[in-house]
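Trainee: I keep running into labels like "buried" and "salt bridge". Could we go through what backs them up here?

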Amino acid sequence: MSAISVSNISNSKFVLTGFPGLEGYYLWFSIPFSIIYAMVFLGNCMILHVIRTEPSLHEPMFYFLAMLALTDFCVGLSTVHTVLGVLWGLIQEISLDSCIAQSYFIHGLSFMESSVLLAMSFDRYIAICNPLRYSSILTNEKILKIGVTILCRSSLLIPPVIIRLRFLNYCRPHILSHSFCLHQDLIRMACSDIRFNNIYGLALVISNLLLDAVLILISYIMILHTVLAIASWEERIKSLQTCVSHICAVLVFYIPIIGLTMVHRFGRHLSPLVQVLMGNVYILFPPLMNPIIYSIKTQQIRRRVKRLFYSKGT
């Protein structure tokens, strides 16, 4: 009997939601979404290529930027097949196992991006508050250890709550809120006891996203305190300018997450289109904007990108 039950659960199909009520315009919507995904892949590949091929960029700050670009690339890779599949009319449903796998990668990569942003704030703190020891503190070996820690933290803490999804009984309508799978969407359809998922999921959010945000804020309070102690106004501006790109990346990451969380928690009365829009902003906005931010605001990246396109043009 239990074998039959598990078989039925594993064969469950979940309906992916595009833009409710606007199905006739999906082909038109697919054009900007295809362009956005192309920009996500090309932009982050360009950042990775520039950092790999330019010896002057082989520094801690840019190693962390490479981690961020790789994470953003993987975020796009994890959702492109369902988002564009729905808009192109290729798929309408997703199996439970595929849905669980996708939710694992989406949430894991979100935690990874948060961890990378925390590491980048630590890099800026050392560079401004302890510049003489910068190279001795952030050695290549230390950066490698930080990278491995980020990977383990983001990938090994999630399986307990994700694996649990495989054994829940989904008796409510199998209609997802987005064209991709999120943990909170799946447990909303479950009739089983979901206390473990709720408690463990909340603990994950607090120990990862919230803790990282608090530590990033503390690092910038300490950076600001150090900068204000500098006598020269020009030196203050110069020091703060090295943080502008990272501050923008932090805002681009956390604002969509907060917005999506608020919509899921308190926006049940809102139009489904609002949830769909916030979901797509949460998935696509950071991977799209980070390469643009760092290409515009970081002088070394901007100079190398211009040289890259100039050499191709000639």
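Mentor: Sure, let's take the labels one by one.

Mentor: Ground rules first. This is a predicted model, where local features need pLDDT of at least 70 and side-chain atom pairs count only at pLDDT 80 or more, while totals for chains, interfaces and linings use all residues. Numbering runs from 1 along each chain as its sequence is written, and side-chain values use heavy atoms, leaving out hydrogens and water.

Trainee: What makes Arg-304 and Glu-54 a salt bridge?

Mentor: The rule asks for a side-chain nitrogen of Lys or Arg within 4 Å of a carboxyl oxygen of Asp or Glu. For Arg-304 and Glu-54 the closest N and O atoms are 2.8 Å apart, so the pair meets the definition. Arg-304 lies in helix 12 (residues 299-313) and Glu-54 in the loop between helix 2 (26-53) and helix 3, so the pair ties together parts 250 residues apart in sequence. Helices here are DSSP runs of H or I with at least four residues, and strands are runs of E with at least two, numbered from the N terminus.

Trainee: Why is Asp-123 called buried?

Mentor: Buried means under 20% relative accessible area, exposed means over 50%, and partly exposed is in between, using a 1.4 Å probe and protein chains only. Asp-123 has 2%, so it is buried. Its salt-bridge partner Arg-124, with closest N and O atoms 2.8 Å apart, counts as buried at 8%.

Trainee: And what makes Asp-212 buried?

Mentor: Its relative accessible area is 0%, so the label fits. Asp-212 also forms a salt bridge with Arg-153, the closest N and O atoms being 2.9 Å apart. Asp-212 sits in helix 9 (residues 195-228) and Arg-153 in helix 6 (residues 140-156), so this pair ties together parts 59 residues apart in sequence.

Trainee: How do you know that Asp-72 has no salt bridge?

Mentor: The nearest side chain of opposite charge, Arg-153, is 15 Å away, and Asp-72 is buried all the same. Lys and Arg count as positive, Asp and Glu as negative, with His and the chain ends not counted. Asp-72 lies in helix 3 (residues 60-87). Leaving aside neighbours within four places in sequence, its contacts (heavy atoms within 4.5 Å) include Glu-113, Asn-44 and Asn-290.

Trainee: How do you know that the chain agrees with a compact globule?

Mentor: The rule is 2.2 Å times the number of residues to the power 0.38, with the radius of gyration taken over C-alpha atoms. For 314 residues that gives a value near 20 Å, and the chain has 21 Å, so the two agree.
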